[in-house]
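Here is a short tour of the aromatic side chains and cysteines in one protein model. Please keep the viewer open as you read.

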Amino acid sequence: MNLKDNIGKYIKLEISGKKFISGILCDIGSDLWVVFNGYDYLYIPTIHCQNWQFLKQDEIDEINLNDDLTPIYNHNEEISLRKTLTAAKGIFTEIYVTSNQALHGYIISIMNNYFVFYSPIYKTMFISLNHLKWLIPYTNNQRPYGLSNANLPVNPSNLTFARSFEVQIEKLTGELIIFNIGENENVIGKIQGIKNNFVELISAKEDPVYVNLQHIKTVHMT
């Protein structure tokens with residue numbers, strides 16, 4: 001079956017983490033699906049598409065379509081995650097990674113296997129590309145939390161960014177950090193170093209905790 005034959009049809013898609021998205025399948029690229037849910041275009045890495053099925057007519061009838069929105073990609077080009085991230089750079093965007101919590105802000109830079117994201121709540125964040133579940137660029141007149149330009153700096157960080165996620169984390173040795181938006185107390189602490197693909201953290205009570213690099217989704221400093 002050629003998946004692209006289903007473009008324009010209504011589907012229900014299960015995303016990693018038992019999340020479900022219903023809408024029109026707009027496009028499929030080498031590593032990305034685009035679904036319009038009636039309100040937003042969702043750009044979903046293929047790696048997190050668990051399964052999908054066609055919607056029944058009564059489910060389709062429940063979807064209200066807003067025809068005023070346009071996608072950020074060029075229909076005449078093959079879409080990909082990296083191209084979409086590049087197109088979204090500097091645009092206010094919602095991303096979903098972990099902890100049943102969306103992040104709002106904008107992409108600053110795109111590196112080999114992660115990207116740098118500025119959140120008005122968490123400030124500069126490093127997001128693993130492997131764990132990005134979807135992104136939703138805002139419409140033109142939306143702003144996160146209704147903030148003004150003064151609260152959304154163009155160059156929010158003086159940090160230099162490493163090419164890889166692992167090296168970027170290693171550069172934060174000695175810093176107090178929060179992994180995975182602080183989903184539990186074992187991912188908050190001071191980085192001691194990295195060895196054998198585990199990050200050694202020192203907890204508040206000075207106990208060492210070892211966190212698998214493969215399970216680190218987001219990083220931000222306290």
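Is Trp33 buried or exposed, and what is its relative accessible area? In this predicted model, Trp33 is buried, at a relative accessible area of 4%.

**Aromatic pairs**

Searching the whole structure turns up 11 aromatic pairs. One of them joins Trp33 and Trp52: the ring centres are 6.3 Å apart with the planes at 65°, so this pair is edge-to-face. The cut-off behind that label is an angle over 60 degrees. Trp33 belongs to strand 3 (residues 32-36) and Trp52 to strand 5 (residues 49-54), so the pair ties together parts 19 residues apart in sequence. While Trp33 is buried, Trp52 is partly exposed, with a relative accessible area of 23%.

Now turn to Phe92 and Tyr138. Their aromatic pair is tilted, measuring 6.4 Å from centre to centre with 50° between the planes. Here the partners come from loops: Phe92 from the one between helix 2 (81-88) and strand 6 (93-98), Tyr138 from the one between strand 10 (134-137) and helix 3 (165-171). The pair therefore ties together parts that are 46 residues apart in sequence. Phe92 counts as buried at 16% relative accessibility, and Tyr138 counts as buried at 16% too.

Which residues form one aromatic cluster with Phe92 and Tyr138? Tyr106 and Tyr118 complete that cluster.

**A charge over a ring**

Another ring worth a look is that of Phe20. The charged end of Lys12 sits over this ring, 5.1 Å from its centre.

**Cysteines**

How many disulfides are there? The count comes to 0. For Cys26, which is in no disulfide, the nearest cysteine sulfur is that of Cys49, 13 Å away. Seen from the other side, the closest cysteine sulfur to that of Cys49 is in Cys26, and 13 Å is too far for a bond, because a disulfide needs the two sulfur atoms within 2.5 Å. Cys26 is buried, and Cys49 also counts as buried.

The table gathers the accessibility values for the residues discussed above.

| Residue | Relative accessible area | Class |
|---|---|---|
| Trp33 | 4% | buried |
| Trp52 | 23% | partly exposed |
| Phe92 | 16% | buried |
| Tyr138 | 16% | buried |
| Cys26 | 18% | buried |
| Cys49 | 17% | buried |

Conventions
Residues are numbered from 1 along each chain as its sequence is written. This is a predicted model: local features need pLDDT of at least 70, side-chain atom pairs count only at pLDDT 80 or more; totals for chains, interfaces and linings use all residues. Side-chain values use heavy atoms; hydrogens and water are left out. Rings of Phe, Tyr and Trp (its six-membered ring) pair if their centres lie within 6.5 Å; planes under 30 degrees apart count as stacked, over 60 as edge-to-face and the rest as tilted. Helices (H or I, at least four residues) and strands (E, at least two) are DSSP runs, numbered from the N terminus. Buried means under 20% relative accessible area, exposed over 50%, partly exposed in between (1.4 Å probe, protein chains only). A charge sits over a ring if NZ of Lys or CZ of Arg is within 6 Å of the ring centre and within 35 degrees of the ring normal.
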